[in-house]
Amino acid sequence: MAFKFNNETYEISMPPGDTGDLHFDVEWKSGNVDDAAVIFGVADRYGEDLVVKAGDLTDGKAHIRLCNHDTRDLEPGRYKWQLRIVTSPARDENGNVIADECSDNVISVFNGDKMPTFRLEKKGARV
């Protein structure tokens, strides 16, 4: 099974170690999201972060690229994922988002039980 993203339920499904691009609209009722960034995270059932990736917002659309090294060592199963908007983010010398909780607004798109499913399908050979 290849990388899949359901635009209605926001469920992500993929084999561990596959590469996939997430593209979706981000709406924020409190203002414009231009020049903002997003932070994508996958957590286990205990709320421990397993994957954390930053991405950019362009014209209200988020782009997150999941790479082989992001999920290849995770066990197949069901996880939850979260997306946070970071307004006016600072960036380090490599362009990575720095979310300083004191100077930036960090707003969760999903919360608690409303977090969508991130499903890693069973895999064959580890490559």
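These are my notebook entries on what I looked up in this structure, a predicted model.

**Entry 1: the overall fold**

I started with the whole protein chain, which has 127 residues, 39% of them buried. I found 1 helix and 11 strands. Reading from the N terminus, I wrote the order down as β-β-β-β-β-β-α-β-β-β-β-β. The accessible surface comes to about 8000 Å², and carbon and sulfur atoms hold 43% of that. I also looked up how far apart in sequence the contacting residues are. Taking contacts with a separation of 6 or more, I noted that 64% join residues 24 or more positions apart.

**Entry 2: the nonpolar core**

Next I went inside. Which residues have the most contacts inside the largest nonpolar core? I listed Ile12, Leu22, Phe24, Phe40, Trp81, Leu83 and Phe118, in a core of 25 residues. Several strands each supply at least two residues of this core: S2 (12-14), S3, S4 (37-43), S5, S6, S7 (77-86) and S11. S7 gives the most, with 4 residues.

I then picked out phenylalanine 40 for a second look. Setting aside its neighbours within four places in sequence, I found phenylalanine 40 in contact with Ile12, Leu22, Val51, Val52, Lys53, Ile64, Leu66, Trp81, Gln82, Leu83 and Phe118.

**Entry 3: strand S6 and its two partners**

S6 was a pleasure to read, with side chains that alternate along the strand. Ala62, Ile64 and Leu66 point to one face and are buried. Lys61, His63 and Arg65 point to the other face and are not buried.

I looked up the strands that pair with S6. S3 and S6 run antiparallel and are joined by 6 bridges. S5 pairs with S6 in the antiparallel sense too, over 3 bridges. Here I saw aspartate 56 standing opposite histidine 63 of S6. S5 and S6 form a hairpin with 2 residues between the strands, and there aspartate 59 takes a positive phi near 55°.

**Entry 4: salt bridges between S3 and S6**

How many salt bridges are there? I noted a count of 6, and went through some of them in turn.

Aspartate 21 and arginine 65 form one, with their closest N and O atoms 2.6 Å apart. Aspartate 21 lies in S3 (residues 20-25) and arginine 65 in S6 (residues 61-66), so this pair ties together parts that are 44 residues apart in sequence. I had a second reason to mark these two residues: arginine 65 is also the bridge partner of aspartate 21 in S6. Are they buried or exposed? Aspartate 21 has 30% relative accessibility, so I put it down as partly exposed. Arginine 65 has 41%, so it is partly exposed as well.

Aspartate 25 forms a salt bridge with lysine 61, the closest N and O atoms being 2.5 Å apart. This pair also links distant parts of the chain, with aspartate 25 in S3 and lysine 61 in S6, 36 residues apart. Lysine 61 has a relative accessible area of 45%, so I filed it as partly exposed.

**Entry 5: a buried salt bridge, and a network**

The side chains of aspartate 70 and lysine 53 meet in a salt bridge of 3.0 Å, N to O. Aspartate 70 sits in helix H1 (residues 68-71) and lysine 53 in S5 (residues 49-58), distant parts of the chain that are 17 residues apart. Why do I call this pair buried? Buried means under 20% relative accessible area. Aspartate 70 is at 13%, so it counts as buried. Lysine 53 is at 16%, so it does too.

I also wrote down a network: salt bridges with shared partners join Glu11, Arg78, Arg119 and Glu121.

**Entry 6: lysine 123**

My last stop was lysine 123, in the segment after S11 (117-120). Its relative accessible area is 36%, so lysine 123 is partly exposed. Leaving out neighbours within four places in sequence, I found lysine 123 in contact with Pro16, Arg72, Leu74 and Pro76. I also looked up its separation from glutamate 75: the two are 48 residues apart in sequence and 9.1 Å apart in space, C-alpha to C-alpha.

Definitions and conventions
Residues are numbered from 1 along each chain as its sequence is written. This is a predicted model: local features need pLDDT of at least 70, side-chain atom pairs count only at pLDDT 80 or more; totals for chains, interfaces and linings use all residues. Side-chain values use heavy atoms; hydrogens and water are left out. A salt bridge is a side-chain nitrogen of Lys or Arg within 4 Å of a carboxyl oxygen of Asp or Glu. Buried means under 20% relative accessible area, exposed over 50%, partly exposed in between (1.4 Å probe, protein chains only). Contact means heavy atoms within 4.5 Å. Accessible areas come from the Shrake-Rupley method with a 1.4 Å probe; for residues, only the protein chains shown count as cover. A nonpolar core is a set of buried Ala, Val, Leu, Ile, Met, Phe, Trp, Tyr and Cys residues joined through side-chain atoms within 4.5 Å. Two strands pair if DSSP finds at least two bridges between them.
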